[in-house]
Amino acid sequence: MRVIDFFWFCRDDNMISNEYLDKVWPFLQETEPERRKKFYIYFQNAPLWLIDCVSVERIRKGTIFLREGDPVDTMYFIAKGVIKGTDVRIYGMSFDYMISVGVYAYGGMELLMGLERYQTSLQALTDCIVLKIPTPQFAKWLNSDISALAQEARLMGEYLLEQTYKVRAFLFLQGADRLAMLLKTLYELDAPDGVLRLDNNRQELSDFTGLSMKTITRAVQKLRQDGLIGRKGRVIVVNEEQYLRIKENLSQVLSE
């Protein structure tokens with residue numbers, strides 16, 4: 001890059017401009033505005049050598065791209081799409097405990113805690129665009145920039161608090177209300193046209209909620225009878241009006 005180009009794209013010696021990131025990472029233009037803004041903020045003080053070592057991968061829906069027990073060799077950032085985390089350490093059972101698209105380093109928790117292997121598996125719930133940074137380079141950045149380290153620690157703390165809240169909420173919810181909480185979360189993450197469409201896969205819904213498949217069947221029937229969800233073949237459909245009703249119902253239940 002010519003010197004003149006560098007000064008055009010960088011506001012000062014220590015801050016990378018949004019225009020520069022748009023140029024080197026064209027995928028950002030496919031990212032929804034709020035998430036794109038978070039990427040700008042996260043990497044605005046990153047060194048250019050870190051940006052240069054980033055790779056971008058398009059991952060198809062259903063692909064497991066990070067496996068529990070594998071060496072922590074890569075940090076992952078989700079630029080587009082929705083992922084889920086699965087823990088299989090508890091009695092050998094599969095437990096989908098996390099659905100997220102936060103802009104922070106997946107693998108960062110293990111790095112900050114000094115763990116050598118990933119503690120969970122990550123799978124694409126939708127088609128995803130994933131940004132990948134080799135762990136040694138990411139660790140070098142955190143070790144050389146106290147602000148970057150503080151930023152990652154803050155984001156990791158916020159993530160853990162969010163997960164704790166969701167677990168507490170699930171403990172107080174039963175049957176249809178627990179399934180409704182899942183639908184609310186998914187709607188907020190992946191309803192770009194105002195409509196959530198979700199395969200009525202009882203096993204997958206069971207893994208997410210901790211409910212038996214028989215209970216899932218009854219919960220789906222109840223939510224449909226209450227007008228909170230619709231069905232198109234084997235697909236569960238939630239529109240904006242239904243989402244708002246689900247949200248209001250859950251607010252009342254949790255406040256009690």
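Trainee: What is the relative accessible area of Arg35?

Mentor: The model before you is a predicted one, and a residue is called buried in it when its relative accessible area is under 20%. Arg35 counts as buried because its relative accessible area satisfies that cut-off, the value being 5%.

Trainee: With which residue does the side chain of Arg35 meet in a salt bridge?

Mentor: The partner of Arg35 counts as partly exposed, because its relative accessibility of 34% lies between the limits of 20% and 50%. The N to O distance of this salt bridge is 2.7 Å, and a search of the whole structure finds 9 salt bridges. The residue whose side chain meets that of Arg35 is Glu32.

Trainee: In which helix do Arg154 and Glu158 lie?

Mentor: The side chains of Arg154 and Glu158 meet in a salt bridge with an N to O distance of 3.1 Å, and the two residues are 4 positions apart, about one turn of the helix. Arg154 is partly exposed at a relative accessible area of 45%, and Glu158 is partly exposed at 40%. The helix that holds both residues is α7.

Trainee: Is Lys184 buried or exposed?

Mentor: The side chain of Lys184 meets that of Glu188 in a salt bridge of 3.1 Å, N to O, and because the two residues are 4 apart in helix α8 (residues 175-189), they are separated by about one helical turn. Glu188 counts as partly exposed at 43% relative accessibility. Lys184 has a relative accessible area of 18%, and since buried means under 20%, Lys184 is buried.

Trainee: How many of the 7 residues of strand β5 are buried?

Mentor: Strand β5 covers residues 74-80 and is mostly covered. It is an edge strand, pairing on one side only, in an open sheet of 3 strands with the order β3-β9-β5 and antiparallel pairing. The number of buried residues in β5 is 6.

Trainee: Which residue of β9 stands opposite Ile78?

Mentor: β5 and strand β9 (residues 128-134) pair in the antiparallel sense over 6 bridges. In β9, the bridge partner of Thr74 is Pro134, while the residue standing opposite Ile78 is Val130.

Trainee: Which helix lies across β5 and β9, running at about 145 degrees to β5?

Mentor: Two helices can be placed against these strands, and their directions help to tell them apart. Helix α6 (residues 135-144) packs on the sheet and touches β5 and β9, with a direction that makes about 70 degrees with that of β9. The helix at about 145 degrees to β5 covers residues 33-43, and its name is α3.

Trainee: What is the order of the strands in the open sheet that holds β10, β11 and β12?

Mentor: The edge strands of this sheet are β10 (196-199) and β11 (230-232), each of which pairs on one side only. 4 bridges join β10 to strand β12 (residues 235-238), the two running antiparallel, and Arg197 has Val237 in β12 as its bridge partner. The order is β10-β12-β11.

Trainee: How far apart in space are Arg245 and Gly227, C-alpha to C-alpha?

Mentor: Arg245 is found in helix α11, which covers residues 240-255 and lies across β11 and β12. Leaving aside residues up to four places away in sequence, Arg245 touches Asp226, Gly227 and Leu228. Arg245 and Gly227 are 18 residues apart in sequence, and their C-alpha atoms are apart in space by 9.3 Å.

Trainee: Is Thr209 buried or exposed?

Mentor: Thr209 has its place in helix α9 (residues 202-209). Not counting residues up to four places away in sequence, it touches Phe170, Arg178, Leu179, Leu182 and Ile216. Its relative accessibility is 2%, and because buried means under 20%, Thr209 counts as buried.

Trainee: What is the area of the nonpolar surface patch made by Leu112, Met113, Leu115, Ile146 and Leu149?

Mentor: The elements that give two or more residues to this patch are α5 (108-113) and α7 (146-172), whereas Leu115 lies in the loop between α5 and β8 (121-124). Leu115 can belong to the patch because its relative accessible area of 32% is over the 30% that patch residues need. The area of the patch is about 450 Å².

Notes:
Residues are numbered from 1 along each chain as its sequence is written. This is a predicted model: local features need pLDDT of at least 70, side-chain atom pairs count only at pLDDT 80 or more; totals for chains, interfaces and linings use all residues. Side-chain values use heavy atoms; hydrogens and water are left out. Patches are made of residues with over 30% relative accessible area and no salt bridge: like charges are joined within 9 Å, nonpolar side chains (Val, Leu, Ile, Met, Phe, Trp, Tyr) within 5 Å. Accessible areas come from the Shrake-Rupley method with a 1.4 Å probe; for residues, only the protein chains shown count as cover. A salt bridge is a side-chain nitrogen of Lys or Arg within 4 Å of a carboxyl oxygen of Asp or Glu. Buried means under 20% relative accessible area, exposed over 50%, partly exposed in between (1.4 Å probe, protein chains only). Two strands pair if DSSP finds at least two bridges between them. Contact means heavy atoms within 4.5 Å. Axes are lines fitted to C-alpha atoms, for helices over the stretch in contact, and angles run from 0 to 180 degrees between N-to-C directions.
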